[in-house]
Amino acid sequence: MSTPAPAMRKRIAAEFLGTFWLVFAGCGSAVLAAAFLSPADVQLGIGFLGVALAFGLSVMTMAYAVGHISGGHFNPAVTVGLAAAGQFRWRDTPAYVVTQVVAAIAGAGVLYVIASGKPGFDAAESGFATNGYGDRSPGGYSLLAALITEVLLTAVFLFVILGATDTRAPRGFAPIAIGLGLTLIHLVSIPVTNTSVNPARSIGPALFAGGDAVGQLWLFIVAPLAGGLVAGAAYGLLLGQNEPSASLESATLA
C-alpha cells in the first residue's frame, strides 16, 4: 500500500524552509564570504568554487531534510518542469511557486539585514548576488549568451533530477546527484550570469538590490522556466520508460 502524501500545509512548509535555506546559504556565501579579506588584506574568501559548493550543498542538505515531505523542488523551474514531465500535479504548481518566491524574498531579506551590519554596505553597489547580463554579468557576457546559458543549464538540471529519481536509478542517492549537479552548473555559469537556473533565487536578491537588477530580472524568470518546460516534456520521449519516475519523496529513501 502506498503511503498517503503529506498534507499540503506540511509540503508548503517544507518548500518554504528549503527555498529559504537555498537563497540564504547560497547567496549568503556570495555576499558575505566570496571575497572576504583579512584586516591585512589577505584573501580569505571562498571564491567561485566555494559559492558553487554552497548552492549545491544547500539543495542536497534540504533535499534529505525535507525532500521526503514536499519533493524538494525549491525552484519554480523545477516545479514546472516536473509538472510538464507528469511527475507533479499542475493544480499544486501555483501554491509551490508562490511559496518558493516568498521564501526566496524572506531569505534575501534576512541576508540583507545581516550584510547591512557592516559599515558601508550597499546592496545595489555590491550586486547582492543578483543575476545579470552585459555590464551586470561577472564576465561581461551578452544577453544572448546569458539566455542560452540559463535555458540550457536549467534543462540539464531537470534531466539530472528526473534521471536521479527514475525508478531504474539507485535509490537513496538522488539528493547527492542533484546537489552535485547544481554545484557543477554554478562552476560553469557564475562568470556568465552569476547563475540563476531558479526564478525564485533571482527574484529575492533583485528586490533588495533594485535598479538594473530588477530591470534584467525578466530573463532569469523566462529562461529557467523555458528550460524546465523543455526538459520536462522531453525526458519521457528521450530517456523515459513506461513506468514513471519515483517522486523525490521516495527517491530520498534507500
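I began my lookups in this predicted model with Thr195, which counts as buried because its relative accessibility is 0%, and the cut-off for buried is under 20%. Thr195 sits in the loop between α7 and α8. I then checked its backbone and found a positive phi of about 60 degrees, although Thr195 is not a glycine. That caught my eye, since most residues other than glycine have a negative phi.

Next I went along the loop to Val197, which also lies between α7 and α8. Its phi is near 50 degrees, again a positive value in a residue other than glycine. Val197 is buried, with a relative accessible area of 1%.

What does the side chain of Arg201 reach at 3.0 Å? I found the backbone oxygen of Thr195 there. Arg201 belongs to helix α8, which covers residues 199-209. I had to look twice at its accessibility: at 2%, Arg201 counts as buried.

I listed the contacts of Arg201 next, leaving out residues up to four places away in sequence. From the loop side I noted Asn194, Thr195 and Ser196 among them. The list also includes Leu22, Val23, Cys27, Phe55, Ala104, Ala129 and Asn131. For Val23 I looked up the C-alpha separation from Arg201 as well: it is 5.8 Å, with the two residues 178 apart along the chain.

His186 was my next stop, in helix α7. Is His186 buried or exposed? It counts as buried, because its relative accessibility is 2%. Not counting residues up to four places away in sequence, His186 touches Ala52, Phe55 and Thr195. I was pleased to meet Thr195 again here, and Phe55 too, as both are on the contact list of Arg201.

Then I turned to the surface. Leu49, Leu53, Leu57, Leu184, Leu187 and Val188 form a nonpolar patch there, and together they have about 550 Å² of accessible area. Which elements give two or more residues to the nonpolar patch? They are α2 (47-70) and α7 (174-193). I picked out Leu57, whose place is in helix α2. At 44% relative accessibility Leu57 counts as partly exposed, because that value falls between the 20% and 50% cut-offs.

My last entry is on aromatic rings. How many aromatic pairs does a search of the whole structure find? It finds 11. I also noted one aromatic cluster, formed by Phe16, Phe20, Trp21 and Phe24.

Terms used. Residues are numbered from 1 along each chain as its sequence is written. This is a predicted model: local features need pLDDT of at least 70, side-chain atom pairs count only at pLDDT 80 or more; totals for chains, interfaces and linings use all residues. Side-chain values use heavy atoms; hydrogens and water are left out. Rings of Phe, Tyr and Trp (its six-membered ring) pair if their centres lie within 6.5 Å; planes under 30 degrees apart count as stacked, over 60 as edge-to-face and the rest as tilted. Patches are made of residues with over 30% relative accessible area and no salt bridge: like charges are joined within 9 Å, nonpolar side chains (Val, Leu, Ile, Met, Phe, Trp, Tyr) within 5 Å. Accessible areas come from the Shrake-Rupley method with a 1.4 Å probe; for residues, only the protein chains shown count as cover. A salt bridge is a side-chain nitrogen of Lys or Arg within 4 Å of a carboxyl oxygen of Asp or Glu. Helices (H or I, at least four residues) and strands (E, at least two) are DSSP runs, numbered from the N terminus. Buried means under 20% relative accessible area, exposed over 50%, partly exposed in between (1.4 Å probe, protein chains only). Contact means heavy atoms within 4.5 Å. A polar contact is a pair of N or O atoms within 3.5 Å; within protein, one must be able to donate a hydrogen and the other to accept it, and residues adjacent in sequence count only if both atoms are side-chain atoms.
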